[in-house]
Amino acid sequence: MFELNKRTNLLTSPEKNHLLEDRAEANMFREFFPYDEIPRVAFNDVHVPMTMQEKIYITDTTFRDGQQSRAPYTTEQIVDIYKMLHRLSGPNGIVQQSEFFLYSEKDRQAVYKCRELGYEFPQITSWIRASEKDFQLVKDMEINETGILVSCSDYHIFHKLHMKRSEAIEHYTKIVKQCIDKGIIPRCHFEDITRADIYKFVVPFARELMRISEETKMPIKIRACDTMGYGVSYPGAMIPRSVPGIMYALHQYAGVPHEWIEWHGHNDFYRAVANSTAAWLYGCNSVNCSLFGIGERTGNTPLEAMVMEYAQLKGTLDGMDTTVITELAEYFENVIGEKIPERTPFVGKNFNVTRAGIHADGLLKNEEIYNIFDTEKLLNRPVRVSISNTSGLAGIAHWINSNPDCSELKGIDKNDPLCISIKDWVDTQYEDGRTTVMSDEELEEYINHYLSQK
């Protein structure tokens, strides 16, 4: 027996009737999470279709989750970063939203000052505690959307909230209705979804939220939060760890529209970027990120990484200004004092710097051989080489040609007497026991001295 599925317009067999299971004891999914061992990934070879949407977006949590793992930003810093996020977002608003705390006067002042800029994107949203007082605060500040924490694994329901599943749903839906009564769009943060009972709690709960949405004519968004970074993107992996499976269940079984689904990942198992990309591929509208991945524990999905993922998946940047990524990195290091690891992709000091002599020789002949893309055009970061005992004459010549402070020497050949002299000097340094790379300042000083003797 088949029926027409109104969401897919395809004839399908009747959907499974996933009902709430009000267990007496928590389901800890010990087959996946033994705790005294490394978590396990299991497969049942169930594959769900990729359904990437025509329009996908990035949302930002730099000022919320990103502030929970470091010293708070000043109001001025928040405004500066928000301005750069706006420029990065471009005319199409790909960085669509940014969420703010509202607890302190400083937080609220940041919202006021960012709003005064008059930008359409990123839209300002909030994150609050689920209380009448906080809802009123959101209303008073004229913010249209707010995040609400609705923990959904039995780890949280039983051991943090000390409730049964049915009690948790009753508690959460009451909060959501209070939010709607204030005229605010609720964004329900399904905390710890990758350890939750997807079919016997998440789907019934999400389905109830969709019923409330239909009844009140108010959108109810769902942010699927991989709080501990357990999600995997592997085809055929089992839920609750399967990102494709979670996306499919929320849309197909719970009836959540794609445009109301968002993914929030953590990087505990180095999977934040891969999982966020998988969420997009399997029907999620938005992925939630923080700049440079700064966030709780190992951090969130890096926003700059998803800008690059977007361009690779869509074949276009859709107006995003990626040179702002470099400005943001410099601002974090020079103004805020946040140390970015040197080898961090796209933003680390050495992400496009090579020390190997054979690579430097290739760069000198054609930089496409060893540079990932035109980093000078797209990130305002010319490819560089770092000089050590392995750099060779080609590396030295490339360093001189790519150094703005040596512009008068641009075009120098690796067989130039200057390059040969520098190489001899560098080799002597390492023969005498040096173990670190040559700094730009040392090399510039040597060149100045060499030229003054001519």
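Let's start in the loop between E10 and H9, where Phe292 sits. This is a predicted model, and in it Phe292 takes a positive phi of about 60° although it is not a glycine. With a relative accessible area of 14%, Phe292 is buried, since the cut-off for that label is under 20%. Glu142 makes a good companion case: phi is near 60° there too, again a positive value in a residue other than glycine. Glu142 belongs to the loop between helix H3 (132–140) and strand E6 (145–149). Its surroundings are another story, because a relative accessible area of 63% makes Glu142 exposed.

Back to the loop where we began. Arg297 is also found there, between strand E10 (286–289) and helix H9 (303–314). Asp268 is its salt-bridge partner, and the closest N and O atoms of the pair are 2.8 Å apart. Since Asp268 comes from the loop between strand E9 (261–264) and helix H8 (272–281), the bridge ties together parts that are 29 residues apart in sequence. Both ends count as partly exposed, Asp268 with a relative accessible area of 24% and Arg297 with 40%. Elsewhere, salt bridges that share partners link Arg64, Glu99, Glu145, Arg187, Lys221, Arg223 and Glu262 into one network.

Those two loops lead us to helices H8 and H9 themselves. How do H8 and H9 pack? Their axes are 11 Å apart, and the angle is about 40°, so the two helices count as oblique to each other. The crossing of H8 past H9 is right-handed. On the H8 side, the contact is made by Val273, Ser276, Thr277, Trp280 and Leu281, and H9 answers with Ala305, Met306, Glu309, Tyr310 and Leu313. Sorted by class, that contact has seven nonpolar, two polar and one charged residues.

Now over to Tyr155, which is part of helix H4 (residues 154–159). Is Tyr155 buried or exposed? It counts as buried, because its relative accessibility is 14%. Leaving aside residues up to four places away in sequence, Tyr155 touches Met28, Arg30, Phe33, Lys160, Asp192 and Arg195. Two of those names turn up together again: the side chains of Asp192 and Arg195 form a salt bridge, 3.0 Å from N to O. Both Arg195 and Asp192 are buried. For a sense of scale, Tyr155 and Ile420 lie 65 Å apart in space, C-alpha to C-alpha, with their positions 265 residues apart in sequence.

The salt-bridge count comes to 23, and one of these joins Lys200 to Glu21 at 3.5 Å, N to O. Lys200 is in helix H6 (residues 198–216) and Glu21 in the loop between strand E2 (10–12) and strand E3 (57–60), so this bridge connects parts that are 179 residues apart in sequence. Lys200 is partly exposed at 36% relative accessible area, and Glu21, at 27%, is partly exposed as well.

Finally, have a look at two cis peptide bonds. One joins Phe121 and Pro122, with omega about -10°; Pro122 sits in the loop between helix H2 (105–116) and strand E5 (123–128). Another joins Ile239 and Pro240, with omega about 10°. Pro240 is in the loop between strand E8 (221–225) and helix H7 (243–253).

How values were computed
Residues numbered from 1 in each chain as written. Predicted model: local features only at pLDDT ≥ 70, side-chain atom pairs only at ≥ 80, totals over all residues. Heavy atoms only, no water. Helix = DSSP H or I, 4+ residues; strand = E, 2+ residues; numbered from the N terminus. Buried < 20%, exposed > 50% of the residue type's maximum accessible area, 1.4 Å probe, protein only. Contact = heavy atoms within 4.5 Å. Salt bridge = Lys/Arg side-chain N within 4 Å of Asp/Glu carboxyl O. Axes fitted to C-alpha atoms, helices over the stretch in contact; angles between N-to-C directions. Parallel < 35°, antiparallel > 145°, perpendicular 65-115°, else oblique. Left-handed = near helix turned anticlockwise from the far one by under 90°. Nonpolar A, V, L, I, M, F, W, Y, C, P; charged D, E, K, R; others polar.
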